Amino acid sequence: MKLMRTLLTATALVAVLAGSAYAKQLVYCSEGSPEGFDPALWSAGTTFDASSRAVYNRLVDFELGGSTIVPSLAESWEISEDGTEITFKLRQGVKWQTTAYFTPTRDFNADDVVWSINRQFDAASPWATYVDGASYQYFDSTGFKSALKSVEKVDDYTVKFTFNQADSTVFVNFPMDFLSIGSAEYATQLEAAGTMAQFNQMPVGTGKFMYVDYQTDTVIRYKSFADHFGGASPIDDLIFAITKEPAAAQEALKAGQCDIIPYPIPGDVASLREDPNLVVTETAGENIGFIAFNTQQPPFDNPKVRQALDLAVNREAILEGVYSGQAVLARNPLPASSWASDPSSEVPAYDPEAAKAMLAEAGVTDLSMKLWWMPVARPYNPNGKRMGELLQADWAAIGVNVELISMDWPVYLEQSASVERDGAVMIGWGADNADPDNFLGVLLSCAAVGTNNRAQWCYEPYDSLIKQAKGTFDEAERAALYFQATKIFHEQKPWVMLAHSNQYIAHNKRVLNFKQDPLGFHRFDGADVAE
């Protein structure tokens, strides 16, 4: 008999799980609700965990627990000598998931790849704006759209991508969530029925797990896809119990009501490790937490104002009060482990008196501003409210009045990306791949304004260097360009950089073969639960 589990979490899972009590279940206490289930539309790791990493595959993926690129829906690929063409040979016999709302009539093929890319690339596609207010954020902000010339079907199992010029960042984007491959047949069915929004609500993929249902802000249920080309998951049911309070997630873990929690409170890691029923794993933080000013709105369009506010931040106090010392202060917008992170950079100074003088020099008095604080815990920011309170006090000390505001996470993400957003927003980033452009381009380029560039910072001297770096495959040359761009970043201060945090995962010891990901992904491909 398979494992029977009784769930008593605060999210009222008992009723939801009726009918699956005899299945082998793994319960993951997710820190927030997904924005939707179409990974191409969104940018949050919470959303990717619930969509692309469970339901979908890509042409290539990262190896489980690592950052090496390995075959997935493509068995092999060739890159032309000039770097402008990538040809993928596709895996044959890959099945699409059969759900209560879709029955496929064919296997995965090149038509699905072409559709998945062109819906993001072609502004005239009916899929370009099929969800109100949403956009293909990563497709734009990574520069993939501007780099792409065409994608074409060579035959049923061969696809060729052609790019406008050599771009050293293109291939490393292919394992990313926004390039997940969807079913063209499912899309056609929805389009004909006039129900295209369902694509973002009820996903169909080729991944290890099939979507079953979602009770908003409460629970998401999946079941193993028996016909996955890599074999079925040993887990019958994967359950996301949405538990927004880290303390509540920890209590559920200790009570056996959750199997895995993603972001234990840093100050509680030592005590969790003492629990004989739990396992806590750790990786260095390939991430950064920061505060992004809206540089297109006064007075934050003035670099002197941004520099003054940066000088007033007591980072050491934040390191202790928010991260419990389980992080390192940021010297660059890139993690220190990156080959493009300038080792000569220093942690920004803390000098409230100089900050006051600089505000006066900028002609700014009686400044009032809004600071958005994050409503969910992430590795780069485990306690947004506490961080907001510390920053509020720091800025009050130089005569700046700060109003703290927040909202539900999906709304926060949507509204904080707007060019019209006021004040400063608390946010952060975890690496999607090992390329420095994933930080320096995706978060700070002109192409990313209005999406992932929440500073809304478009500065041509910086942007020019980033573009030059993308255009060469010589690592030393790229590093030199990124060092120059970083110096401009430090001068302009579109962000208050805070910290690169360690990343922790805590799970019940009965969880087997779960691998912590160095990039901060949460994948359950090979995980099992002891019976």
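A polar contact is taken here as a pair of N or O atoms within 3.5 Å, of which, within protein, one must be able to donate a hydrogen and the other to accept it, residues adjacent in sequence counting only if both atoms are side-chain atoms. The structure is a predicted model, in which local features need pLDDT of at least 70 and side-chain atom pairs count only at pLDDT 80 or more, whereas totals for chains, interfaces and linings use all residues. Residues are numbered from 1 along each chain as its sequence is written, and side-chain values use heavy atoms, with hydrogens and water left out.

A polar contact of 2.5 Å links the side chain of serine 52 to that of aspartate 177. Serine 52 belongs to helix α3 (residues 52–55), helices being DSSP runs of H or I with at least four residues and strands runs of E with at least two, numbered from the N terminus. With a relative accessible area of 0%, serine 52 is buried (under 20% relative accessible area, against over 50% for exposed and in between for partly exposed, with a 1.4 Å probe and protein chains only). Leaving aside residues up to four places away in sequence, serine 52 touches Pro39, Arg58, Asp177 and Ser180, contact meaning heavy atoms within 4.5 Å.

Helix α4 (residues 110–121) spans 16 Å between its first and last C-alpha, close to the 16 Å expected for its 12 residues at 1.5 Å a residue, where the expected span is 1.5 Å times one less than the number of residues. Nine of the 12 residues of α4 are buried, among them Trp115, Ile117 and Arg119. The elements covering these buried residues include β5 (85–90), β6 (148–155) and α7 (184–193). At the start of α4, a side-chain oxygen of asparagine 109 comes to within 2.9 Å of the backbone nitrogen of aspartate 111.

Cavities were defined on a 1 Å grid over the protein atoms alone, as sets of points where a 1.4 Å probe fits but cannot get out, lining residues having an atom within 4 Å of a point; grid points are joined across faces, edges and corners, and a volume is the space filled by probe spheres set on the points. Five cavities of 30 Å³ or more were found, the largest with a volume of about 380 Å³. Of the 33 residues lining the largest cavity, Gly45, Arg378, Tyr380, Trp429 and Gly430 lie nearest its centre, and β17 gives the most to this lining, with four residues.

Technical notes: 1 Å grid on protein atoms, 1.4 Å probe; cavity = no way out; pocket = protein on both sides within 12 Å on 5 of 7 lines; lining within 4 Å.
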